Amino acid sequence: MSKHVVVIGAGIAGLATAALLLREGMRVTVVDKQRSVGGRAGRLAVDGFRFDTGPSWYLMPEAFDEFFRACGTSTECELDLVDLSPAYRVINEDGAALDIETGVDNVAELFESLEPGSGDKVRAYLARASDVYAIALRNFLYTTFSHPTQLLSKDVLTRLGTLALLLTRSLDTLVAAQFKDYRLRQVLTYPAVFLSTEPKAAPALYSLMSHTDLVEGVRYPLGGFAAVVDAIARQAAGATFELGTAVVAINHAHGRATGVTLDDGRTIPADAIVSAADLRHTETALLPKELQTYPERYFAHRDPGLGTVLVFLGVKGELPQLAHHTLLFSTDWTPDFKAVYHGPEPLRPLGASESIYVSKTSATDPGVAPEGHENLFILVPVPAEESYGHGDAYGAAESPRVGAIARAAVAQLGAWLGIEDLGDRVVVKRTLGPADFSEQYNSWSGGAVGPAHTLRQSAFFRGRNQSRKLPNLYYAGATTVPGVGVPMCLISAHNVLTRMREQY
């Protein structure tokens, strides 16, 4: 009889892990407290409007291609992808807009038009970003870091000087030394937020992120990330799903995990367990202290990353001022990052950033809003603090703070875009806050994305994907290696399989 593996969590990482284990001939049971799959990559339907409630940027296509290839299919067969043009739009408070088109030549032309001499500089910057991205894929992402020699490949050794420079400087410092125009610096450093951190805390190694949006380009899967979840779930169709029930304990005997106990009192025996749940929850809530690889003290001096207030709007009429992806950046965004990561910040009394992100998927996908309407997803960065409270999207009472932040975001959007009646045109509004992420996904401190990618929380410093106390307990997802985001979650599933193969 084949080995039986229990996967905790039916988000992207849990579904992907289940799919890969099935193709190894294992029996798989997936358990999730939610009644539907997808985890943080959720969906919300209200009065004819459809919203993704989590990821919205389709980047790092190699990770999707590799996952579907491993499942015996292809991205082309599973998803209908649209190239976005512009890739995204950047707007500052004076209303000036920059449309970012993909491709080195387009980027160089834009940079040169704003800062003479910067065209050649950004070409060199992107060439190095692309080179480092390729090295990272081979050596830092698809790896378990279980053997030191994994870091001694030829392409790493021949670039030790460059890598040392990128690991000892911040992304902000690297970019500021080469570009003076604040708009150009923002375009090259905002990807730090994708990594749940800020440009001053992200190692310059993450300049590789500019390869993903400026060189490879930004795509959109028709149907949104709900379509991505469905495509991944199809690959895991052979698993047994226990939805609407939570794991309350990981059982063990003689130094090995033996199964899980559910909140309805049932137990499920297993030969191995993969937890794609939040790592802190897995370790401190599901295991006794003596079996915790990462006890509470491990998290005491680490950064839980970014919190968010999410605002979902259905708006009457067209909004041509917004692209599919639009980034609203304060000219001086230092107070924004202070409010989120180092608060309180008197210039941001609500404790929320004024640099916000807006997704208008109705620009590309007409099925997400009724005719004559637009759907908007607004992401407002806030501290990862459960005390900010709930939104009302999942039926809870909206907290006063989340409500105030949502109103301020709508007012800001109208003011910056010159749409005086935006608030009056809103026909649907729902919100989510940090307490929702904590309650729904057991998220550490109510964080929305996962632990920040600071130097001490990146690559092999981020931890390991296997328990030191129970050798048949593994970890997957955004809170372990290699990191946050849908592509990283897919890669984490491959790495669990690699770890099992190394072990057995």
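This is a chat about the domains, pockets, cavities and a few local features of a predicted model.

Reader: Hi! How is the chain divided into domains?

Author: Hello! The domain assignment gives domain 1 (2-40 + 62-77 + 221-299 + 450-501), domain 2 (104-212) and domain 3 (303-439). Since this is a predicted model, please read everything below in that light.

Reader: Sure. Where do the centres of domain 1 and domain 2 sit relative to each other?

Author: Taken over C-alpha atoms, the centres of domain 1 and domain 2 are 29 Å apart.

Reader: And how many residues are in contact there?

Author: On the domain 1 side 21 residues are in contact, and they meet 19 residues of domain 2. About 1,600 Å² is buried between domain 1 and domain 2. Carbon and sulfur atoms give 65% of that area.

Reader: How many salt bridges cross the interface of domain 1 and domain 2?

Author: The rule finds zero salt bridges across that interface.

Reader: Let's go to pockets. What is the volume of the second largest one?

Author: The second largest pocket has a volume of about 420 Å³. There are 26 residues in its lining, and the closest to its centre are Phe 140, Leu 167, Leu 205, Ala 459 and Phe 460. Helix H5 (118-141) and helix H7 (160-168) are the elements that give two or more residues to this lining.

Reader: Which of those elements gives the most?

Author: H5 does, with five residues in the lining of the second largest pocket.

Reader: What classes of residue line the second largest pocket?

Author: Its lining has 24 nonpolar residues, two polar ones and no charged ones.

Reader: Where does the second largest pocket lie with respect to the domains?

Author: Domain 1 and domain 2 both give residues to its lining, so the second largest pocket lies between them.

Reader: Nice. Now for enclosed space: how many cavities of 30 Å³ or more turn up?

Author: A search of the whole structure finds two cavities of that kind. The largest cavity has a volume of about 110 Å³, and the second largest holds about 50 Å³ of space.

Reader: Which residues line the largest cavity?

Author: The lining is made of Asp 278, Leu 279, Arg 280, Tyr 298, Phe 299, Arg 302, Trp 444, Pro 451, Gln 457, Arg 462 and Thr 479. Helix H12 (279-285) and helix H13 (296-300) are the elements that give two or more residues to it. Sorted by class, the lining of the largest cavity has five nonpolar, two polar and four charged residues.

Reader: And what lines the second largest cavity?

Author: There you find Arg 40, Asp 278, Pro 304, Ser 443, Trp 444, Gly 447, Gly 450, Pro 451 and Thr 479. That lining divides into three nonpolar, four polar and two charged residues. Asp 278, Trp 444, Pro 451 and Thr 479 belong to the linings of both cavities.

Reader: Changing topic, which peptide bonds are cis?

Author: One of them joins Ser 85 and Pro 86, with omega about 0°. Pro 86 is placed in the loop between strand E5 (81-83) and strand E6 (88-92). Another runs from Gly 343 to Pro 344, with omega near 0°. Pro 344 is in the loop between helix H14 (334-341) and strand E16 (356-359).

Reader: What about Ser 196, what is its phi?

Author: Phi of Ser 196 is near 65°, which is a positive value in a residue other than glycine. Ser 196 is located in the loop between helix H9 (182-189) and helix H10 (209-216).

Reader: Last topic: how many salt bridges are there by the rule?

Author: The count comes to 18. One of the pairs is Arg 219 with Asp 83, whose closest N and O atoms are 3.4 Å apart.

Reader: What does the pair of Arg 219 and Asp 83 tie together?

Author: Arg 219 is in strand E8 (residues 219-221) and Asp 83 in strand E5, so the pair ties together parts that are 136 residues apart in sequence.

How values were computed:
Residues are numbered from 1 along each chain as its sequence is written. This is a predicted model: local features need pLDDT of at least 70, side-chain atom pairs count only at pLDDT 80 or more; totals for chains, interfaces and linings use all residues. Side-chain values use heavy atoms; hydrogens and water are left out. On a 1 Å grid over the protein atoms alone, a cavity is a set of points where a 1.4 Å probe fits but cannot get out, and a pocket is an open set with protein on both sides within 12 Å along at least five of seven lines; lining residues have an atom within 4 Å of a point. Grid points are joined across faces, edges and corners, and a volume is the space filled by probe spheres set on the points. Helices (H or I, at least four residues) and strands (E, at least two) are DSSP runs, numbered from the N terminus. Ala, Val, Leu, Ile, Met, Phe, Trp, Tyr, Cys and Pro count as nonpolar, Asp, Glu, Lys and Arg as charged, and the others, Gly among them, as polar. Domain bounds come from an automatic or database domain assignment. Contact means heavy atoms within 4.5 Å. Buried area is the accessible area (1.4 Å probe) that two parts lose on being put together, summed over both. A salt bridge is a side-chain nitrogen of Lys or Arg within 4 Å of a carboxyl oxygen of Asp or Glu.
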